[in-house]
Amino acid sequence: MLTRLSLRKSLPLLLGLFALVFTLLQTTLYLPRSLDDALHNWRTHSSQILLLLQSSLRDHLRQNRHEELSSELSDLASLRGVSWAMVIDQDQQVIATSRLGLHPEQLGHIDSQELSMRVASGQPSWIELSGQRYLAIYPLERVRQSGLIDHEALLVEMDFAPLLWQTKRDAWLHLAQTLGLLLLLGLLLNHLYGRLLTRRLARIEQAAKQFAEDQVIPTMRVRGDDEIGQLAASVAQMMTQLNQRQDELRESEALFRSLIDSAPVGMLVVDHELRVEQANPAAAALFGCDTEALLGNLPEDRLIESNAVRRLQQTPANIAIELTGRRGEQHVPLEITCTPFIRHGQPYSLVLLRDISDRLKAEQRLRFLAHFDPLTRLANRHSLVQRLEQLLIANCSLGLLYLDLDHFKRINDTLGHEIGDQLLVEIAGRLELHLPKLAMLARSGGDEFIVLLEGAGLGETQALAERLLEDFAAPFQVRQYECFISPSIGLTHSNGHGSSASELLKQADLALYAAKDRGRNCIARFSAELSSNAELRRQLESELRRAIDQQEFALYYQLQVDNQGQPQAVEALLRWHSPTRGLVSPADFIPILEESGMIIEATRWVFRQACRQALQWQRENRGLRIAINLSPLDFRQADLAGSLLQILAEEGASADWLELEITESALLESGDEVQQCLARLKSAGFPLLLDDFGTGYASLTYLQRFPFDGIKIDRQFVAGLPDSEHSVALVRGILTMAKQLGLHVVAEGVENERQAAFLRLNGCPSLQGFHYSRPQPAEQCQARRPDGMLYSLKPLDH
């Protein structure tokens with residue numbers, strides 16, 4: 001109840017209740033107890049006095065001092081609370097009295113017999129009379145000389161009523177004084193309470209109300225370090241924090257509204273009937289109206305589907321469904337998600353709307369890309385494989401042509417990829433013009449096409465392949481360029497039984513590679529021999545991988561001599577000692593190493609072994625330099641020069657002891673990286689020779705661009721010497737050009753004395769071939785220079 005009143009009213013009320021309870025306790029407990037205590041104390045005090053007087057009165061009676069006896073009784077009667085006193089003998093005759101005229105017969109409260117018995121008992125006794133009056137009987141025994149005992153007694157009437165009244169009055173006076181003090185204390189406390197508590201708390205309350213109404217932090221004039229002061233400081237701090245949080249909340253709400261309004265996703269708040277209550281601009285833009293026009297709308301007002309409401313209500317929360325919206329005369333595909341929530345105890349839903357037009361277009365594009373080539377609009381490999389599998393399941397005979405454009409990369413490199421792409425489109429168009437109705441044309445990727453002939457026999461397939469090959473004879477006009485290009489075609493056929501799609505594609509692919517091996521621009525038909533060759537190739541590749549790990553390779557060295565027949569250098573040639581095949585020809589395994597990429601690891605092994613052999617021969621003063629061939633694939637690794645220089649440093653060899661031979665094919669597609677690599681090797685001290693000179697496309701250009709020290713005349717030019725006029729003219733021209741350019745020349749493939757004599761006569765400084773030495777292991781190579789010094793790569797005019 002007190003909590004319902006203000007502190008200013010509750011404190012006086014508490015003080016009044018305390019005074020009332022105190023008064024009740026005083027009147028019901030303290031006052032009766034104090035009267036009882038006072039009565040008990042007076043009786044005890046009177047008993048003590050009477051006991052003392054009892055002895056004195058016995059002496060007076062024994063000595064018959066009646067005057068002194070009367071004087072003692074008079075003194076006793078003068079005490080407060082004593083009405084009268086008398087001494088009687090055993091016959092109840094008055095011996096002495098404090099007041100004349102008193103007789104025992106006047107005692108109406110006790111008869112003579114009872115009085116005689118109490119006197120004769122020898123024990124003091126008290127008899128309660130009316131009105132807080134008592135009769136005290138104290139026996140006074142006296143022994144005579146004859147030995148008889150006289151039973152006499154002192155009778156005293158005590159009246160405690162005046163005393164108790166005085167005590168009660170004093171108690172009420174004490175109670176009044178106490179209540180007065182409590183009243184003064186209450187007033188003082190109320191004043192202090194109001195000053196220290198209620199007034200300060202009222203200021204805090206007023207400040208809190210003002211803050212709640214105006215959201216403005218008021219000034220609280222509450223000082224002090226006590227709990228109220230600390231409370232005021234805490235409230236002020238709380239209001240400051242609340243004000244800051246209110247500002248942050250308002251900023252957050254403004255930011256949230258701004259985000260909602262600027263969100264690219266349409267947002268609607270709908271009630272349980274799906275009626276729109278709020279909408280953002282993105283949602284209005286989806287329907288081509290303003291936000292106010294959406295308020296109050298139902299789904300059927302904006303959606304095309306008649307079952308839109310049922311679908312929205314039956315779809316679980318946060319699960320997207322696709323519906324169609326109406327934007328004027330247009331239809332907009334929408335993805336709609338509903339998220340229920342409760343606001344003010346009512347169910348609502350947040351509806352997210354997304355325009356999925358772009359996504360549907362992208363999905364349509366992906367479906368197209370899954371089955372068609374985006375450039376030529378032809379079917380892709382995946383689509384063709386599906387159709388091929390369907391025909392095989394139907395046991396339908398079919399033919400398969402695999403076309404690859406010869407040297408298409410040159411067109412991309414010279415004319416650009418844009419022209420290359422347009423050429424592919426032109427080729428696809430020309431191929432489609434000459435295909436039968438039941439043929440399917442697909443682009444497999446890059447510059448490869450596949451033709452699937454449904455229900456065709458082997459003859460029809462062969463005839464179509466030849467016709468397509470003839471069609472490429474005419475040039476393709478791409479913008480201002482007239483492009484000539486030829487295909488290599490692999491052909492396979494199936495009667496619809498015992499084949500799979502992957503197997504037929506593999507057969508066509510093998511036939512295509514066979515056509516490329518035959519010189520391109522031709523047709524190759526799949527045969528069991530091609531399959532066995534492919535399997536042999538696969539086995540060789542597997543064995544070569546083991547050969548690298550198990551150190552089955554060895555280096556053979558072929559001697560190079562000067563025009564006097566003295567040793568100058570040796571060429572390191574890689575050989576493979578297979579545990580199952582014996583010594584394998586380089587023509588069988590070098591191409592596989594290059595095609596599989598294992599040639600890079602093999603070249604590092606060759607270079608390391610050559611470094612070790614060169615170091616050993618230098619210790620033996622052989623004076624022989626070792627020439628090492630670098631494959632075109634070696635230049636495709638990240639840092640060829642760094643790798644070779646690292647091996648050179650690890651083995652402790654010198655670059656002067658080695659030569660590096662680079663084929664023209666390695667330079668055919670060279671870029672700045674190859675030029676930088678050769679320049680770095682040259683600066684490290686490696687002599688560089690251009691191998692197979694004259695067989696490439698731009699040999700003279702390479703001599704101008706790269707820092708070569710010499711060239712090697714290819715064996716096909718030496719083979720015709722000295723009978724072939726063309727060979728004679730070409731070799732003499734190469735030697736003359738080298739002389740003018742200051743290049744060293746090595747003629748390889750010298751197999752007889754007539755060839756050697758022609759080369760010596762025309763000033764070729766170095767000769768190499770079977771006429772002088774066949775390749776042999778290092779332990780069988782005993783050649784050395786007479787002076788033990790390395791020869792220098794001298795140009796022809798030296």
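This talk goes through the predicted model shown above, from its record annotations to its sheets and then its aromatic rings.

Some ground rules. The model is predicted, so local features need pLDDT of at least 70 and side-chain atom pairs count only at pLDDT 80 or more, while totals for chains, interfaces and linings use all residues. Residues are numbered from 1 along each chain as its sequence is written, and side-chain values use heavy atoms, with hydrogens and water left out.

I start with the record. The unreviewed UniProt entry places a "transmembrane region" at residues 171-193. UniProt positions are in the numbering used here, feature names are shortened, and annotations may be inferred rather than shown by experiment. In the model, residues 171-193 are 100% helix and 0% strand, with the end C-alpha atoms 31 Å apart. Helices here are DSSP runs of H or I with at least four residues, strands are runs of E with at least two, and both are numbered from the N terminus.

The same kind of annotation, again from an unreviewed UniProt entry, puts "domain: PAS" at residues 252-297. That stretch is 48% helix and 22% strand, and its end C-alpha atoms are 29 Å apart.

Next, the open sheet. In what order do its five strands run? The order is 7-6-10-9-8, with antiparallel pairing. Two strands pair if DSSP finds at least two bridges between them. Strand 7 (276-279) and strand 8 (321-327) are the edge strands, each pairing on one side only. Direction ignored, neighbouring strands of this sheet are turned by 35° against each other on average. Axes are lines fitted to C-alpha atoms, for helices over the stretch in contact, and angles run from 0 to 180 degrees between N-to-C directions.

I take the strand pairs in turn. Strand 6 (residues 266-271) pairs with strand 7 in the antiparallel sense over three bridges, and Val269 has Gln278 in strand 7 as its bridge partner. Helix 10 (residues 357-371) packs on the sheet and touches strand 8, strand 9 (330-343) and strand 10 (346-355). The direction of helix 10 makes about 120° with that of strand 9. Contact means heavy atoms within 4.5 Å.

Strands 8 and 9 run antiparallel and are joined by seven bridges. They form a hairpin with two residues between them, and Gly328 in the turn has a positive phi of about 65°. Strands 9 and 10 also pair in the antiparallel sense, over ten bridges. In their hairpin, which has two residues between the strands, His344 takes a positive phi near 55°. Glu335 can be followed across the sheet: Glu322 stands opposite Glu335 in strand 9, and Glu335 stands opposite Arg354 in strand 10.

Just before strand 8, in the loop after helix 9 (308-314), lies Ala320. Which residues does Ala320 touch, not counting those up to four places away in sequence? They are Glu335, Ile336 and Thr337. Ala320 is partly exposed, at 39% relative accessible area. Buried means under 20%, exposed over 50%, and partly exposed in between, with a 1.4 Å probe and protein chains only.

Further along the chain is strand 17 (residues 487-494), where seven of the eight residues are buried. Strand 17 pairs with strand 12 (residues 398-405) in the antiparallel sense over eight bridges, and there Leu398 stands opposite Ser494. With strand 18 (residues 523-525), strand 17 runs parallel, joined by three bridges. Gly490 has Ala524 in strand 18 as its bridge partner.

Last, the rings. Rings of Phe, Tyr and Trp (its six-membered ring) pair if their centres lie within 6.5 Å; planes under 30 degrees apart are stacked, over 60 edge-to-face and the rest tilted. The count by this rule is nine aromatic pairs. Trp126 and Tyr134 have ring centres 6.3 Å apart and planes at 70°, so this pair is edge-to-face. Both Trp126 and Tyr134 are buried.

Why is the pair of Trp576 and Phe589 edge-to-face? Because the planes stand at 75°, with the centres 5.9 Å apart. Trp576 lies in strand 20 (residues 567-578) and Phe589 in helix 17 (residues 586-596), so the pair ties together parts 13 residues apart in sequence. Trp576 is buried at 0% relative accessible area, and Phe589 is buried at 0% as well. Ring pairs link Phe553, Trp576, Phe589 and Trp605 into a cluster.

Two arginines sit over rings: Arg343 over Tyr348, at 4.7 Å from the ring centre, and Arg430 over Phe476, at 3.6 Å. The rule takes NZ of Lys or CZ of Arg within 6 Å of the ring centre and within 35 degrees of the ring normal.
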